[in-house]
Every structure is written in C-alpha cells, then in structure tokens.
Amino acid sequence: DSTNDRIMAFDPQTGDLVNADFIPADPTNLSTPKNAILSASGSSILVADQIDDVVQEYDLAGNYIGVCAPAGGPNTAILDNITGVALRPNGNLLVTVTGGTNQDSVAEFDTSGTYLGNFVAIGSGGLDGPFDVYQRTADWLVSGINSDNLIQYDLTTGAYIADLAAIDNFPQQVNGAANGNVLIGNFGGTQEGVVELTPAGAVVGIYDPVTLGGYRGVY
C-alpha cells in the first residue's frame, strides 16, 4: 500500500484481508513500498522502497531487519526510484531502476546485498522506465512504463531478445496465468486494464470492469 506506506496481507485463494498492517507504516525505514517478495533463504521478506532507494528486509512476522540492498545503504548511483524485484534461480536479487545514473536498467545483487552490476544493461533493447521483472521458463520479461512495451531478455545473461508486445500505455506489474499466458496490470491508455497475452505476445483480452481503473498490479 504505497499511499499508507505499509504492506497488507491477503489470503492467496480468496483475496480476503488477513492483516492490514502486516508491515506497518514506518516513517523512519519505509517510504512508498512497491513490491514485496520472499527472500532467497525463505526466512525474510524483501520490499522495494521506491523513495528510500533501497530494498528493505523484514522478518516473517513483519519486523524490520535492515537494508538488504545495496549493502552499506542507499546509493543512487546504483538504485534510484525502484519498483520491481525478483529472484534469479541462483538466489541473486534483481531490481528495476527507473531513475538516477543507473536509470533504465535491472540491477543485480548477491544474497548479501552486494551489487554485481546490471543484469539488464541501461536502455537495452530500448528499455525506458522498467517497472517490473518477471521470470518465465526461457526468458525474463520487463515492462517499460515509458517505452510502453513488454520486453524479453535472456534467462541467464540478461541480453535483449525481442519486444514481446507493445502495451498502450504505462504497463506496470507482470505475472503469469495458470495456462502459461502473461498478465499485465496496465495503468492507462487504450489498453487500460489487465492485459492478457499468449506466451508469444498476442493479445487474448483486456479486462477493465467499469467500476475499476488505473491498474498497477495483477495476481
């Protein structure tokens, strides 16, 4: 909940609210949380903090542990205006960077938070404003909120493969459907809604109930 600077917990099957303040608002250590994932060890929760420019770490009860990445604390030459986080199969952490000198890249960190360089190079394949990074069987997908597209990168090297699909406009979180299709929470434009694509990038549908709008996430 990036307005109230907290992490809310919901039942994964029913969507029912479990705890509105699983990680409560904390003006000292949390400013505009954007994404939360389980750590590689499974013993903590990693939170992308967009304004503090770090990945914060909490225990499984929601108690603050400290900064996970970058090791040593904020460094806007590495992370600035971050949103999406994901884990590589080897446990390394990937973080999308949309601001600062490392803008338009996906940074990589080891499990101790040490910066290893960029997994996806700055502007690779025309990437502009990476919001989220999502792993599939044979590639990574990165949504570009300014380049208005979904881009494929190599699973092991992070090299550009191809544009999977153009998205109009401001595609944010990416996720997978049970049938292997791709889901995108798309904030605005002619495709505002949850956009569903085939694995090859063809549009299956755009879901935009009249009571909703401004989609940022999808599960």
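Let me begin with a definition, since much of what follows depends on it: two strands are said to pair if DSSP finds at least two bridges between them. By that rule β3 and strand β4, which covers residues 44-49, run antiparallel and are joined by five bridges. What you have on the screen is a predicted model, and I would ask you to keep that in mind throughout.

Staying with β3 for a moment, which residue of β4 stands opposite P33? It is D49, and you can use that pair to find your way from one strand to the other. These two strands belong to an open sheet of four, whose order is β3-β4-β5-β6 and whose pairing is antiparallel. The edges of this sheet are β3 and β6, the latter being residues 64-69, and each of these edge strands pairs on one side only. From one strand to the next, the twist averages 30°. If you want to follow the side chains along any regular strand, remember that they alternate between the two faces of the sheet.

There is another open sheet of four strands, with antiparallel pairing, and its order is β15-β16-β17-β18. Here β15 and β18, residues 203-207, are the edge strands, each of them pairing on one side only. In this sheet the twist averages 20° from one strand to the next. Within it, strand β16, residues 182-186, and strand β17, residues 193-197, run antiparallel and are connected by five bridges. As a landmark in that pair, take L183, whose bridge partner in β17 is E196.

Let me turn next to β11 and β12. Strand β11, residues 130-135, and strand β12, residues 139-144, run antiparallel with five bridges between them, and a hairpin of three residues carries the chain from β11 to β12. Opposite V133, the bridge partner in β12 is V142. Around this hairpin there is also a salt bridge, in which the side chains of D139 and R136 meet at 2.8 Å, N to O. Are these two residues buried or exposed? Both D139 and R136 are buried. Q135, which lies in β11, is partly exposed, with a relative accessible area of 29%. The C-alpha atoms of Q135 and D154 are 10.0 Å apart, and along the chain the two residues are separated by 19 residues.

Some of these strands return when we look at the pockets. The largest pocket has a volume of about 1300 Å³, and of the 37 residues that line it, those closest to its centre are K34, N35, A36, Q173 and Y219. Which strand gives the largest share of that lining? It is β3, which contributes six residues. At least two lining residues each come from β1 (7-10), β3 (33-38), β7 (82-87), β11 and β15 (171-176). Sorted by class, the lining consists of 21 nonpolar, ten polar and six charged residues.

Finally, the charged pairs. Side chains of opposite charge can pair when their charged atoms come close, and a search of the whole structure finds four salt bridges. Beyond the D139 and R136 pair that I have already described, I would draw your attention to a network of salt bridges linking D1, R6 and D21. R6 and D1 form one of these contacts, with their closest N and O atoms 2.9 Å apart, while D21 and R6 form another, where the closest N and O atoms are 3.4 Å apart. Why does the D21 and R6 pair tie together parts that are 15 residues apart in sequence? Because D21 lies in strand β2, residues 17-23, whereas R6 lies in the segment before β1.

How accessible are the members of this network? The cut-off for buried is under 20% relative accessible area, so R6, at 18%, counts as buried. Its partner D1 has a relative accessible area of 29% and is partly exposed, and D21, at 38% relative accessibility, is partly exposed as well. To leave you with one picture of this part of the predicted model, then, a buried arginine, R6, sits in a salt-bridge network with D1 and D21.

Methods
Residues are numbered from 1 along each chain as its sequence is written. This is a predicted model: local features need pLDDT of at least 70, side-chain atom pairs count only at pLDDT 80 or more; totals for chains, interfaces and linings use all residues. Side-chain values use heavy atoms; hydrogens and water are left out. On a 1 Å grid over the protein atoms alone, a cavity is a set of points where a 1.4 Å probe fits but cannot get out, and a pocket is an open set with protein on both sides within 12 Å along at least five of seven lines; lining residues have an atom within 4 Å of a point. Grid points are joined across faces, edges and corners, and a volume is the space filled by probe spheres set on the points. Ala, Val, Leu, Ile, Met, Phe, Trp, Tyr, Cys and Pro count as nonpolar, Asp, Glu, Lys and Arg as charged, and the others, Gly among them, as polar. Axes are lines fitted to C-alpha atoms, for helices over the stretch in contact, and angles run from 0 to 180 degrees between N-to-C directions. Buried means under 20% relative accessible area, exposed over 50%, partly exposed in between (1.4 Å probe, protein chains only).
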